[in-house]
Amino acid sequence: MTDTPAESGALPVVALIGRPNVGKSTLFNQLTGTRDALVADLPGLTRDRQYGIGRLEHQRFIVVDTGGIGPDQDPDFREMTEAQATAALEEADVVVFLVDARSGLNPADQEIARRLRRQDRPVVLAVNKSEGLSAVEANADFYALGMGDPLPIAAAHNRGLVSLGERLAEHLPAFGQGEPPPPRDPGIPRICVIGRPNVGKSTLVNRLLGEERVVAADAPGATRDSVEVGFDWQGRTFRLVDTAGLRRRSKRDGIAEKFSGVKTLQAIEQSDVAIVVVDARSDIGAQDARVLGLAAAEGRSIIVAINKWDKLEEAVRKQIREELDYKLPYLDFAPVHTISALRGSGLGELMRSVVRASDSANANLTTSALTKVLEDAVRAHQPPAVHGRRIKLRYAHQGGRRPPKIVIHGNQTARVNTDYKRYLSNRFREAFDLYATPVEILFKSGDNPFEGRRNTLTPRQERKRKRQVKRFGKNK
């Protein structure tokens with residue numbers, strides 16, 4: 001169901017392994033030329049596998065960032081994080097084992113080295129944070145690991161990465177050679193799963209993928225980074241993005257959660273459809289409304305998934321539906337699905353809505369069809385007059401997608417009120433069946449071609465003007 005990079009066959013896979021806070025995510029970002037992995041001076045920040053396309057000189061490869069292995073990892077998530085790292089090792093063609101030159105050899109490094117020897121994978125031992133140190137000083141402690149000659153690098157300063165590419169090429173003679181694979185199709189829809197902490201986002205992602213792809217636990221904050229995974233459903237290909245839970249700034253626990261919020265906002269901005277997961281067993285609160293508002297403000301197609309719906313009494317279910325209608329009236333276009341991510345119920349209907357919403361977000365609308373809908377809407381309900389003058393709306397065309405943007409040309413369009421704008425938005429949504437998708441209405445008034453211009457008089461007109469000025473005087 002997923003497009004695991006190791007199975008692509010086009011590029012080798014390089015896994016970054018090491019204990020927490022040795023710079024794996026920094027190296028991942030340098031190799032991929034992105035900021036996809038969270039980076040902070042905080043151990044245990046990364047927990048899930050993160051994939052990217054790495055480039056060194058003329059070489060291309062799939063690079064996998066992993067969570068740290070060792071006692072510095074959060075004990076609540078250590079087992080699951082190490083399972084993710086183990087999965088990365090199993091699909092890797094070569095391993096980059098990162099250690100920290102500043103802190104020296106650590107018992108956790110020795111344990112990781114023993115584990116890597118059992119994996120029977122080529123290993124490149126990279127000594128990170130070696131800036132300001134000679135090669136002898138940086139490498140001295142790490143010969144004891146028995147992993148070959150250590151390679152000093154400084155990922156944060158982009159130092160030693162060319163040598164790293166050469167060392168990788170020694171293990172894979174045909175490393176990244178030949179015709180590069182085609183780039184990822186930018187037309188593949190992106191679906192982000194958002195919501196408060198501990199509402200079941202990662203459980204939903206794992207259930208859709210059919211595997212334990214991201215860390216899911218019955219504790220708030222299990223996911224900290226935004227993790228993107230390929231996903232096929234009934235012949236359609238998507239990019240599924242699991243995000244960290246969003247909660248009020250005053251309740252965010254430390255810098256890691258603040259960074260996670262930024263990554264979640266970026267995921268919303270880059271997505272086509274947002275699945276907003278709500279916990280049926282807690283009140284629909286202000287933070288749920290805020291999360292939905294963020295997706296609506298970005299113009300994303302929105303689908304509300306009320307999770308943990310099973311085993312609820314009918315009276316409670318009725319109360320939840322009433323709360324949604326009362327607290328979120330501005331999201332009347334967003335369909336609501338009741339699901340159980342843990343048991344897998346309701347996910348078929350949810351995905352059918354996702355497909356419809358994705359198609360609607362990227363709909364291509366013709367000018368003639370838009371103008372006809374506009375004319376019908378105006379005929380049925382004229383814009384209100386302003387100071388006795390009627391607003392004229394002439395024609396419409398599409399100005400963008402994600403969400404569909406409709407540009408309407410006419411006179412005095414700046415005076416169109418919010419209610420009439422909402423009326424037009426609903427008419428366009430109904431006419432083109434834009435499911436689960438907001439419609440952005442933009443107005444443009446026609447410019448007066450004579451504004452600021454002065455007529456050029458003919459010689460005869462000029463003589464007549466002078467006679468009049470002489471006789472009657474110049475108008476003040």
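Which strands does helix H6 lie across, and at about what angle does helix H6 run to E9? In this predicted model, local features need pLDDT of at least 70 and side-chain atom pairs count only at pLDDT 80 or more, whereas totals for chains, interfaces and linings use all residues. Residues are numbered from 1 along each chain as its sequence is written, and side-chain values use heavy atoms, with hydrogens and water left out.

Helix H6 (residues 201–209) lies across strands E7 (190–195), E8, E9 and E10 (273–279), and runs at about 155° to E9; helices (H or I, at least four residues) and strands (E, at least two) are DSSP runs numbered from the N terminus, and angles, from 0 to 180 degrees, are taken between N-to-C directions of axes fitted to C-alpha atoms, for helices over the stretch in contact (heavy atoms within 4.5 Å). An open sheet of 6 strands follows the order E8-E9-E7-E10-E11-E12 with mixed pairing, two strands being paired if DSSP finds at least two bridges between them. Strands E8 (227–233) and E12 (336–338) stand at the edges with a single partner strand each, so one side of each is left without a neighbour in the sheet. E8 pairs with E9 (residues 236–242) in the antiparallel sense over 7 bridges, and Val229 stands opposite Leu240 in E9.

Strand E13 (residues 392–400) is joined to E14 by 7 bridges in an antiparallel arrangement, with Asn411 in E14 as the bridge partner of Lys392. In strand E14 (residues 405–411), 5 of the 7 residues are buried, that is, under 20% relative accessible area with a 1.4 Å probe, protein chains only. E14 also pairs with strand E15 (residues 440–445), in the parallel sense over 6 bridges, and Ile408 stands opposite Phe443 in E15.

Notes:
Buried means under 20% relative accessible area, exposed over 50%, partly exposed in between (1.4 Å probe, protein chains only).
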